[in-house]
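I opened this notebook to keep track of what I look up in the structure, one topic at a time. The entries follow the order in which I went through the model.

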Amino acid sequence: MRGSQRSAPAASGNLPLELDAFVGRAAELGRLAEALETARLVTVTGMGGVGKSRLAAHAAARTHARDGAWRVELSAVRDPNVVEHAIVEALGLTDQTPRTPRQVLLDHLAERQLLLVLDGFEHLVQVCASLVGELLRRAPGLRVLAVGRRPLGIGGERLFPLSPLTEPEAAELFADRAAAQVPGFALDDSDRSVVRELCRRLDGIPLAVELAAGRLSALSPAQLLSRLEDRFRLLTGGSRDALPRHQTLRTAIGWSHELCTPEERLLWSRLSVFAGPFDLEAAEYVCSGDGLHSDDVLDVLGALLAQSVLSREETAAGVRYRMLDTVRAYGADWLAAMGDADRLRRRHRDWYMGLATWCELDWFSPRQGEVATRVDTELPNLRRALEHCLTEPGAAHLGRYLAGTLWFYWVGCGRLSEGRHWLERSLDLDGDRDQSRLKALWVLGYVAVLQGDTVPALSALQECREDADRTGNATAVAYAEHLTGCLALVTDNMARAETLLRSALDRYHEIGELNSNVLMGQVELAMALAFQGDLPGAVRLCEDVRRVCEDHGERWALAYALYVLAYEALTGGDAARARGLLVECLGIAHTFHDLLGTVLAIELLALVTAVEGDPAEAAVLQGAAARMWPSVGLPLFGSAYYNAPHERCEALARERLGDERYAECVRAGARLGQQEAVARALGRVGARPLGAVPSPRRLPPDMRKPAVSPTSKGGETTG
């Protein structure tokens, strides 16, 4: 009998921690490791419940890819167009450019050596095959471990069919899981033969064995075997070996289903509408009624958990429950047979629309960080709700509402590309020019502005403004005007930006609008004033934003106000104060995965560092920022005003280091990953390294003017 094993964590990556023992499979692990050494694409195939995902994750954790092993869960993805977004998300990438997610992946993987685990792709074979083929051709250091019930069917694929456990391994698995259900449980001589026969009848399928072990709190092993034998005999007419393995699993699940109470069966079927993890409150709302009172959901859910129908997991957003795909599919079949699937999908959609509405309101509060974490955790279900809205006849307006309501997540948490996908898809559908459409238009314009995609941004904002004027929607007029002003700001039309932003802020005041967007409008106006030389006016606006943020617990908009205040402090010669403001700004932006705020802070910190007398470190930070800009958009928006501090920093560093040493430091910075760069920038608080070169404390006054460096045509970080 092979011993139980636990995986060691990968050096980097996102592989899930194993919460219980990994039993058996030593030979399979060895062969799979060998396959991964000799082939760049290995696909683990097998029936549902045979343990493909667990084996793949365990094998991946034992690999030594330089840049880690990364798992992508695709079972909850239904829209083929979201596959690439899901992989970008799993890799922890933030990209705010108009680049396609596929191009983002190609650029990221081009020079890395990592293992990508694609789990549950079988319903998305065509798109996954195309994507994997291109990634492998273009990224020589990439290896892919695919996990599904069928091959991808592309060149170079090595198949690894997985069989069920041997009888001894299955019995060991049963004993391990039984001990978790019944403290002190151990196989004795009288039980051992019964358990081995039980596992044989279950064909050694791990999921079936675990479901059986989940029944030990109520039945003995002998009782389990007796009931299971009755079920098999009924299905096979008395022949003990007539069931194929896929039918054995379905029979085992069906048998577990039959042993459930009516309330447990009802909840099982209704929970199948969730994609990915869900919490108790969602289950109580979506699944209660018509035979199941909301007050009873917790107890019934606990019973399903005890029977291994559900699993419990701790997430950053709290406790969540999850249903394995095979178990979910069985429940979905029952839900469809009862004719209740459409109603449950609508209740699921309504819950997540309500959740998005609550999160939008709570974004402007001390719970802003919790909101970001919550939406991260709920993303698979929010995608499912969006998909339902955009495919259900007559529900397009709900899709536009949901996509627009999530603006804070698309914009504030680094999800511009996926947000644009859902916004454009919702707006492509026919529908009334109602309030939901107007909001989706200005949010789309906002996303496109931040991506540096000027023409689509202007088109969406103009359409929004025209329709809002025609329908008398004052709120949409204000947002369209505000974001058009934001576009003017990043395209260096400061006078127009000031005019539009002042007008928009007046409109917000007239209609009583106050939220993070309104505060960002003030910050953008402050930046326009600062660029035009009105630093006192900029400070007044940002100090007001700071007070409002402190009153409401808002952090995201605060980061940008701190950036402007740091700009003013540095221009006035107070580098120490500028550093303190920028460190706080960077910490906030990085927490929210706001790559634009992160890279702007690092750019200005580079200048602070040069002014403080460390040109080498300043050049390193410029190199780190240069590596980030391709994931944000045109470096510093292509703006001469935003580029002025960068040019000043480069000039100071080159003057003290010389061109060769400067370029060397920039290259060193460009080798830093985002986490390393942020940690390095934050780690310099109050410290001056030995050998730092003294420099003047006050900057030349031309920092706030458009600057052209004599080295701009050949500099390491320009353009």
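Before reading off any volumes, I fix the term: a cavity is a set of points on a 1 Å grid over the protein atoms alone where a 1.4 Å probe fits but cannot get out, and its volume is the space filled by probe spheres set on the points. I also note at the outset that this is a predicted model.

**Entry 1: cavities**

I looked up the cavities of 30 Å³ or more and found that the structure holds four. I began with the second largest cavity, for which I have a volume of about 140 Å³. I count 15 residues in its lining, and those that lie nearest its centre are His85, Val88, Gly414, Ser417 and Glu418. Helix 3 (83-90), helix 4 (101-109) and helix 19 (416-428) are the elements that give two or more residues to this lining. Sorted by class, the lining of the second largest cavity has five nonpolar, five polar and five charged residues.

I then turned to the largest cavity, whose volume is about 240 Å³. It is lined by 20 residues, and the closest to its centre are Met520, Glu524, Tyr560, Leu596 and Tyr642. At least two lining residues come from each of helix 20 (435-450), helix 22 (474-490), helix 24 (516-531), helix 26 (556-571) and helix 28 (595-611). By class I read 17 nonpolar, one polar and two charged residues in the lining of the largest cavity.

**Entry 2: the nonpolar core**

Which residues have the most contacts inside the largest nonpolar core? I found Leu74, Leu116, Phe174 and Leu271 in that role, in a core of 258 residues. Helix 26 gives the largest share of this core, with 14 residues; I had already met helix 26 in the lining of the largest cavity.

I followed leucine 74 further and, leaving aside neighbours within four places in sequence, listed its contacts as Val83, Ala86, Leu118, Asp119, Gly120, Phe121, His123, Leu124 and Cys128.

**Entry 3: helix 23**

I checked the span of helix 23 (residues 494-511), which has 18 residues and reaches 26 Å from its first C-alpha to its last, close to the 26 Å expected at 1.5 Å a residue. I listed its buried residues as Met494, Ala497, Glu498, Leu500, Leu501, Ala504, Leu505 and Tyr508. For the spacing in such a list I keep in mind that an α-helix has 3.6 residues a turn, so residues three or four places apart point the same way. Helix 22, helix 24 and helix 30 are among the elements that cover the buried residues of helix 23. Just after helix 23 I noted glycine 512, which takes a positive phi of about 75 degrees.

**Entry 4: positive phi away from glycine**

Most residues other than glycine have a negative phi, which made me look for exceptions. Leucine 636 has a positive phi of about 55 degrees, and phenylalanine 637 has a positive phi of about 65 degrees. I place leucine 636 in the loop between helix 29 (615-628) and helix 30 (640-657), and phenylalanine 637 is likewise found in the loop between helix 29 and helix 30.

Are these loop residues buried or exposed? With buried meaning under 20% relative accessible area, leucine 636 qualifies because its value is 3%, and phenylalanine 637 counts as buried because its relative accessibility is 17%.

**Entry 5: single residues**

I looked up alanine 146 in strand 6 (residues 142-148) and found it buried, with a relative accessible area of 0%. Not counting residues up to four places away in sequence, alanine 146 touches Leu41, Val42, Thr43, Val44, Leu118, Phe121 and Leu152. Leu118 and Phe121 also appear among the contacts of leucine 74. From alanine 146 to cysteine 260, 114 residues apart along the chain, I have a C-alpha separation of 34 Å.

Threonine 377 is found in helix 16 (residues 368-391) and is buried, at a relative accessible area of 13%. Beyond residues up to four places away in sequence, threonine 377 touches Pro277, Thr315, Ala317 and Arg320.

My last residue was histidine 293, which I place in the loop between helix 12 (280-287) and helix 13 (297-306). Histidine 293 counts as partly exposed, because its relative accessibility is 47%. Histidine 293 and glutamate 263 are 30 residues apart in sequence, and I have 9.5 Å between their C-alpha atoms.

Conventions:
Residues numbered from 1 in each chain as written. Predicted model: local features only at pLDDT ≥ 70, side-chain atom pairs only at ≥ 80, totals over all residues. Heavy atoms only, no water. Helix = DSSP H or I, 4+ residues; strand = E, 2+ residues; numbered from the N terminus. Buried < 20%, exposed > 50% of the residue type's maximum accessible area, 1.4 Å probe, protein only. 1 Å grid on protein atoms, 1.4 Å probe; cavity = no way out; pocket = protein on both sides within 12 Å on 5 of 7 lines; lining within 4 Å. Nonpolar A, V, L, I, M, F, W, Y, C, P; charged D, E, K, R; others polar. Core = buried A, V, L, I, M, F, W, Y, C linked by side-chain atoms within 4.5 Å. Contact = heavy atoms within 4.5 Å. Expected span 1.5 Å × (residues − 1).
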